[in-house]
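Grab a coffee and work through these exercises with the model open beside you. Each task comes with a solution that goes step by step.

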Amino acid sequence: MTAGRFPRLPVPLLAPGFCFTCRKEKCGSGFTDTQITDDWLGRFYLCDDCLMEMGRGAGMRSAEEVEVLVADLGQARVECERLTVRLRALETIRVLVQEAQGV
Ligand SMILES: [Zn+2]
C-alpha cells in the first residue's frame, strides 16, 4: 500500500531499527518511514500503535470505527425518515381535529 511520501514497512529497515517514540522493534500492523534521518540518531520510524495514538489525539478514527459510524448514520437516516412520515401523519390528524372543532 502506498502512503504518499511516507512509505509503509513491516519492520524498520535502517538503524536504529525501532519506533522513535516508543522504541518498539516490532508492531503487528507495521511502521511508517518518516523519511527523516538524523546523522546521530538514525532513521525515524513510527509504529502503527504510536501513529494511531497520535491520530486519535488529533481527532482521527480507525477505518473500523468509521465503518461503525457510517452504519449507525445509515440506521439513523432510516429512523429519521420513518419518524418524518409519522410526524406528517400526526400533523395531518391535528389539522383535521382543529378543523372539526372549528378552531
Ligand atoms: Zn511506537
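## Warm-up: the end of the long helix

Gly-102 comes just after H2 and has a positive phi of about 75°. Keep in mind throughout that this is a predicted model.

## Exercise 1: Follow the chain

**Task.** Find out how many helices and strands the chain has, and in which order they come.

**Solution.**
- Step 1. Count the elements: there are 2 helices and 3 strands.
- Step 2. Read them from the N terminus, and the pattern is β-β-β-α-α.
- Step 3. Look at the spread of the chain. The radius of gyration is 27 Å, while the globule rule gives 13 Å for 103 residues, so the chain is more spread out than a compact globule.
- Step 4. Check the dimensions: along its principal axes, the C-alpha trace spans about 90 × 20 × 20 Å.
- Step 5. Add the domains. Domain 1 covers 1-60 and domain 2 covers 61-103, and the centres of the two, taken over C-alpha atoms, are 46 Å apart.

## Exercise 2: Judge helix H2

**Task.** Work out how the reach of H2 compares with the expected value, and decide whether H2 is largely buried or in the open.

**Solution.**
- Step 1. Helix H2 takes in residues 63-101, 39 residues in total.
- Step 2. From first C-alpha to last, H2 reaches 56 Å, close to the 57 Å expected at 1.5 Å a residue.
- Step 3. Now turn to burial, where a residue needs 20 or more other C-beta atoms within 10 Å of its own to count as buried. The number of buried residues in H2 is 0, so this helix lies largely in the open.
- Step 4. Put this beside the figure for the chain: 8% of its 103 residues count as buried.

## Exercise 3: Assemble the sheet

**Task.** Determine the strand order of the sheet and which strands sit at its edges.

**Solution.**
- Step 1. Start with S1 and S2. These strands run antiparallel and are joined by 2 bridges, with Arg-8 opposite Thr-32 in S2.
- Step 2. Go on to S2 and S3 (residues 42-47), which also run antiparallel, here with 5 bridges. Thr-37 faces Arg-43 in S3, and the partner of Thr-32 in S3 is Leu-46.
- Step 3. Trace the link between S2 and S3: a hairpin of 3 residues connects them.
- Step 4. Put the pairs together, and you have an open sheet of 3 strands in the order S1-S2-S3, paired antiparallel. S1 and S3 are the edge strands, since each pairs on one side only.

## Exercise 4: Locate the core

**Task.** Identify which residues make up the largest nonpolar core, and which residues Phe-31 is in contact with beyond its neighbours in sequence.

**Solution.**
- Step 1. Recall the general trend: in soluble globular proteins, nonpolar side chains tend to be buried together.
- Step 2. In this model the largest nonpolar core has 5 residues, namely Cys-19, Cys-27, Phe-31, Tyr-45 and Cys-47.
- Step 3. Centre your view on Phe-31. Leaving aside neighbours within four places in sequence, its contacts include Cys-19, Tyr-45 and Cys-47. Leu-9, Val-11, Pro-12 and Leu-46 are also in contact with Phe-31.
- Step 4. Consider sequence separation: among contacts between residues at least 6 apart, 47% join residues at least 24 apart.

## Exercise 5: Inspect the backbone

**Task.** Find where the cis peptide bond lies, and decide whether Arg-23 and Gln-35, which have positive phi, are buried or exposed.

**Solution.**
- Step 1. The bond from Ala-15 to Pro-16 is cis, with omega near 15°. Pro-16 belongs to the loop between strand S1 (8-9) and strand S2 (31-38).
- Step 2. Arg-23 lies in the loop between S1 and S2, and its phi is near 65°. Arg-23 has 10 C-beta neighbours inside 10 Å, so it counts as exposed.
- Step 3. Gln-35 lies in strand S2, with phi near 70°. Gln-35 counts as exposed because it has 10 C-beta neighbours inside 10 Å.
- Step 4. Finish with a distance: Arg-23 and Cys-47 are 24 residues apart along the chain, and 8.8 Å separates their C-alpha atoms.

Key
Residues are numbered from 1 along each chain as its sequence is written. This is a predicted model: local features need pLDDT of at least 70, side-chain atom pairs count only at pLDDT 80 or more; totals for chains, interfaces and linings use all residues. Domain bounds come from an automatic or database domain assignment. Helices (H or I, at least four residues) and strands (E, at least two) are DSSP runs, numbered from the N terminus. A residue is buried if 20 or more other C-beta atoms lie within 10 Å of its own, exposed if 12 or fewer, and partly exposed in between; C-beta atoms are placed from the backbone. The expected span of a helix is 1.5 Å times one less than its number of residues. The radius of gyration is taken over C-alpha atoms; the globule rule is 2.2 Å times the number of residues to the power 0.38. Two residues are in contact if their C-beta atoms, placed from the backbone, lie within 7 Å. A nonpolar core is a set of buried Ala, Val, Leu, Ile, Met, Phe, Trp, Tyr and Cys residues joined through C-beta atoms within 7 Å. Two strands pair if DSSP finds at least two bridges between them.
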